[in-house]
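Dear colleague,

Please find below the structure that I am handing over to you, together with its sequence. My notes on what was found in it follow directly after.

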Amino acid sequence: MNGRPEGSALVTGGSRGIGAAIAKALAREGWPVGVSYRSDSDAAEAVVEEITSAGGRAKALQGDIADPETAEMLFKTLEDEFGPVLVLVNNAGVRADGLSPQIDDEDWAKVIDTNLSAAFRLTRRALRPMIRARYGRVVNIASIVGQRANPGQANYAASKAGLVAMTKTVAAEVARRGVTVNAVAPGLIETDMTEGIAENLLEHVPARRPGTPEDVAECVRFLASDGAGYVTGVCLTVDGGLTA
Amino acid sequence: MAATATREEIEGRVFKALEEFGAEPDQIGPDAEFEAMDVDSLDLVELAQIVEDEYGVQLKGEDMEGVKTVRQAVDLVMSKLG
């Protein structure tokens, strides 16, 4: 298929929604996939089952990525079972919405820790073997709320804007080693996580439909592909024209 | 492994890494300066990683500050091993 080395892919928050669609898309590309999840083991096992019954390889990995020790465990497990992690998709994210006067320190920290700090830790750990392999793909799942106001999500928006800034800087640092770092910014996507916030936004979406997890996964599949080797440091918006 | 690595072994490993980074073989030597060999900051990060993986020595960014030659790098690794 291409000149990419042997290795594996890690998708955080891979048990449901966008993450599950990404895990399946990467498995179809031939990557053995680590499906990392925090709490829903049944959903994670269902993703693994779907991948393996289609002839792919996958493993469910439980761990809270906000815990600094989880990164090493995830990478070590995948390296031992499937080889070096050459595709990392930082997809896991949490929300703790509220208007700013009501976001307490805990809700601020929780969102920044999981969505931004954990993504950095995982990226840092991933880069070492990627640099050695002269090949790597990091894709960070951002959000259009990092670019466009969405009242009630100051913490979430800050974490996602930070993710895009991190993406660009790290991309520039490692580009000469064949490692690309990109972001995908989904708009209104139908998942459990966006349940209830969809209706009032839909009329602003030129495509007149919410996006699907597969719409996002397809962008990630491209950015993670060998053919996207010259694309780095970008944030690909997938929002049906909402921010156009 | 860390306890038995000799100066020559470490130096040889650094030379090999520099070749991987694209330095001209006839330029590589104990007193060659990284900058003259076009070895950049990312190369030094990778070198630190190789040393850590193979000799169990952790080199932080601040340790590498002021390290300009192969000899200085090997001295640094030897001092951490000792």
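Along β7(A), which side chains point to one face and are buried, and which point to the other and are not? This is a predicted model, and the statements below should be read with that in mind. A:C235 and A:T237 share one face and are buried, whereas A:L236 and A:V238 point to the other face and are not buried. In a regular strand, side chains alternate between the two faces of the sheet.

The chain A fold

Chain A contains seven helices and seven strands. Starting at the N terminus, its elements follow the order β-α-β-α-β-α-β-α-β-α-β-α-α-β. Its C-alpha atoms fill a box of roughly 45 × 35 × 35 Å along the principal axes. The radius of gyration of chain A is 17 Å, which agrees with the value near 18 Å for a compact globule of 244 residues. Of these 244 residues, 46% count as buried. Among contacts in chain A with a separation of 6 or more, 71% come from residues 24 or more positions apart.

The sheet of chain A

The seven strands make up an open sheet with parallel pairing, in the order β3-β2-β1-β4-β5-β6-β7. The edges are taken by β3 (58–62) and β7 (235–238) of chain A; each has a single partner strand, so one side of each is left without a neighbour in the sheet. On average, neighbouring strands of this sheet are turned by 20° against each other, with direction ignored.

Two of the pairings deserve a closer description. Strand β1 (residues 8–12) of chain A is joined by four bridges to strand β4 (residues 85–90) of chain A, and the two run parallel. Within this pair, A:S8 stands opposite A:V85 of β4(A). The pairing of β6(A) with β7(A) is likewise parallel and extends over four bridges. There, A:A183 stands opposite A:C235 in β7(A), and A:C235 is one of the buried residues of that strand.

Helices on the sheet

Helix α5 (residues 154–174) of chain A lies across β5 (136–141), β6 (179–186) and β7 of chain A, and runs at about 160° to β6(A). Helix α7 (residues 213–223) of chain A also packs on the sheet, where it touches β4, β5, β6 and β7 of chain A. The direction of α7 makes about 165° with that of β6(A).

Individual residues of chain A

A:T180 has its place in strand β6 of chain A. Because 20 or more neighbours are needed for a residue to be buried, A:T180 counts as buried with its 23 C-beta neighbours inside 10 Å. Leaving aside residues up to four places away in sequence, A:T180 touches A:R137, A:A171, A:A228, A:G229, A:V231 and A:T232. A:T180 and A:A92 are 88 residues apart along the chain, and their C-alpha atoms are separated by 20 Å.

A:D97 lies in the loop between β4 and α4 (105–133) of chain A. With 16 C-beta neighbours inside 10 Å, A:D97 counts as partly exposed. Residues up to four places away in sequence aside, A:D97 touches A:G152 and A:Q153. From A:D97 to A:V111 the C-alpha distance is 9.5 Å, at 14 residues apart in sequence.

A:R208 is found in the loop between α6 (199–202) and α7 of chain A. A:R208 is exposed, having 9 other C-beta atoms within 10 Å. Although A:R208 is not a glycine, its phi is positive, at about 60°.

Chain B

Two packed helices are described by the angle between their axes and the distance between the axes. In chain B, helix α1 (residues 7–20) and helix α2 (residues 41–55) pack at an angle of about 140°, with their axes 11 Å apart. The two helices α1(B) and α2(B) are therefore oblique to each other, and their crossing is right-handed. On α1(B), the contact is made by B:I10, B:R13, B:V14 and B:A17; on α2(B), by B:L47, B:I50, B:E54 and B:Y55.

B:D38 is found in the loop between α1 and α2 of chain B. B:D38 has a positive phi of about 60° although it is not a glycine, and is partly exposed, with 13 other C-beta atoms within 10 Å.

With kind regards

Notes. Residues numbered from 1 in each chain as written. Chains lettered and ligands numbered in written order. Predicted model: local features only at pLDDT ≥ 70, side-chain atom pairs only at ≥ 80, totals over all residues. Pairing = 2+ DSSP bridges. Axes fitted to C-alpha atoms, helices over the stretch in contact; angles between N-to-C directions. Contact = placed C-beta atoms within 7 Å. Rg over C-alpha atoms; globule rule 2.2 N^0.38 Å. Buried ≥ 20, exposed ≤ 12 C-beta atoms within 10 Å, placed from the backbone. Parallel < 35°, antiparallel > 145°, perpendicular 65-115°, else oblique. Left-handed = near helix turned anticlockwise from the far one by under 90°.
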